Amino acid sequence: MNPYVQYMYSYPHKTAYRPLTGVSLRQYAPALTGGGHGLYLHIPFCEGKCGYCNLFSVTGQGGAAVDEYLKAVERQSSQYEEVLASYRTEFAELVIGGGTPLYLTEKQLSFMFRLLDAHFRFCHGRELVIETAPNQTTEGKLKLLKQAGVTRVSMGIQSFSDRELSVLGRRHSARKAAEALALLQSFAFPCVNVDFIYGIPGQTVQSLLESLRTAVRFSPDEIFLYPLYVKHGAGLERVGVVPDGEEALFQYRSASSFLQEQGFCQDSMRRFVRRSGEREFSECGFGTSLALGCGGRSYLGKLHFCSPYATTVGECLERLREYETITDYTEITHGVLLSGEEEKRRYVIRHLFIRPGLPVKRYAAHFGSGALQDFPLLEEWMQSGYAELREAGCYLALTEKGLALSDYLGPQLISSQVWRAMEEWEEAHGRRDDFISGKSEKL
């Protein structure tokens, strides 16, 4: 068994999206009435494409290209502002991801923050999250983040081993990562999290734990652990790298135990938080989020939309140029409208794989049926020791055994219709994997 089939961070996957006609933001803007919504800005620029990267990102772009992109974001923001004005939309969270947002110059970062404040309303005490990488983390840029009121900074380190960083195709050194993390911590942001990868060819439990020991010495608030995936279009795929799932699982278990010994609470297979006590419940199955830029996706009730899925630099550049020439950003041309069944699946997936788990009574209140009856598979997982009812039956939660196998269990909740759409996309792009059709468990 390969324990790493697919990372289920959202549902359905973008490859299940299709062209849409006759759909406009104006139709779905009422979902953004009042406060409590999320705003996401995608900055697709990076210094280099990492060997495992299948995200929407482009490389080799100079200052003029970044300026053109930001001008397009400003035009989109202006149009969105006009649509949302009558709904008095206020965003409780602003997330700026990528790519590497701090790839932007200080001048460009200042322009970015100004345009967001000019066109959107934010709730008092809103969260502002931004991503960075070691080579792009400078004192001047961190000062700008502090002035903008950033509440959380996420840094992708991946390893403190230069050999492992080289295998991954990362552009920074272990020394630079340590320097950047020390600088970041000196600014005392409310939350700093760092990302690491396990399952790297040649990596050992000892080398992984040494990276984590180094990280812990900097006292980050959160540590995320990601298994190495080598997906379509990634550089490591072209050189024939095939991760060893069983070895990665062994490394994960050792790393999980170590971090919990260091005082971190585990919220999911990936997230470890330095705090006392269990994570408080936060309903996330029906959240509304609006995306700006090219590569991000929006969630407005049953409607999910984004630009067509792309991973390679060439494909992403093509999508980027298309985005910059759009005249009406309120027209929605690519996405999916979820059926009632798919909304149920999304709710289960969004809750079951994080603590405290799936709220079974809330599920019944939302959908008028029981989760265990709607998804008999969940009963099978309970019988296999992957899940259990907790807190007097209020939550269905994964056990430690089930949590470790999140990326094996999660894909089993994908509907046959969504699998078929994903398979069609794979075939159309000449990138079919056997696991898409369920013929094997190979990644």
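**Exercise 1. Decide whether Cys 50 is buried or exposed, and find out how many disulfides the structure holds.**

Step 1. Cys 50 has a relative accessibility of 11%, so this residue counts as buried. The cut-off to apply here is under 20% for buried. Keep in mind as you work that this is a predicted model.

Step 2. Now look for a partner. The closest cysteine sulfur to that of Cys 50 belongs to Cys 53, and at 6.2 Å it is too far away for a bond. A disulfide would need the two sulfur atoms within 2.5 Å.

Step 3. Try Cys 265 as well. Its closest cysteine sulfur is in Cys 191, 14 Å away, which is again too far for a bond.

Step 4. Searching the whole structure gives the final count: zero disulfides.

**Exercise 2. Describe how helices H7 and H9 pack.**

Step 1. Two packed helices are described by the angle between their axes and the distance between those axes. For H7 (residues 205-217) and H9 (residues 245-261), the axes come within 10 Å and cross at roughly 30°.

Step 2. That angle makes H7 roughly parallel to H9, because angles under 35 degrees count as roughly parallel. The crossing is right-handed.

Step 3. Next, pick out the residues that touch. H7 contributes Val 205, Leu 208, Leu 209, Leu 212, Arg 213 and Val 216, while H9 offers Phe 250, Gln 251, Ser 254, Ala 255, Phe 258 and Leu 259.

Step 4. Sort these contact residues by character: nine are nonpolar, two are polar and one is charged.

**Exercise 3. Locate Ser 219 and Gln 185, and say what Gln 185 touches.**

Step 1. Ser 219 sits in the loop between H7 and strand S9 (222-227). Its phi is positive, about 55°, although the residue is not a glycine. With a relative accessible area of 45%, Ser 219 is partly exposed.

Step 2. Gln 185 belongs to helix H6 (residues 174-186). Its relative accessibility is 22%, so Gln 185 also counts as partly exposed.

Step 3. Leaving aside residues up to four places away in sequence, Gln 185 touches Val 192, Phe 218, Ser 219 and Pro 220.

**Exercise 4. Find where cis peptide bonds join a residue to Pro 12 and to Pro 356.**

Step 1. One cis bond joins Tyr 11 and Pro 12, with omega about -5°. Pro 12 lies in the segment before strand S1 (18-24).

Step 2. Another joins Arg 355 and Pro 356, with omega about 5°. Pro 356 lies in the loop between helix H11 (340-352) and strand S16 (358-359).

Conventions. Residues numbered from 1 in each chain as written. Predicted model: local features only at pLDDT ≥ 70, side-chain atom pairs only at ≥ 80, totals over all residues. Heavy atoms only, no water. Axes fitted to C-alpha atoms, helices over the stretch in contact; angles between N-to-C directions. Helix = DSSP H or I, 4+ residues; strand = E, 2+ residues; numbered from the N terminus. Parallel < 35°, antiparallel > 145°, perpendicular 65-115°, else oblique. Left-handed = near helix turned anticlockwise from the far one by under 90°. Contact = heavy atoms within 4.5 Å. Nonpolar A, V, L, I, M, F, W, Y, C, P; charged D, E, K, R; others polar. Buried < 20%, exposed > 50% of the residue type's maximum accessible area, 1.4 Å probe, protein only.
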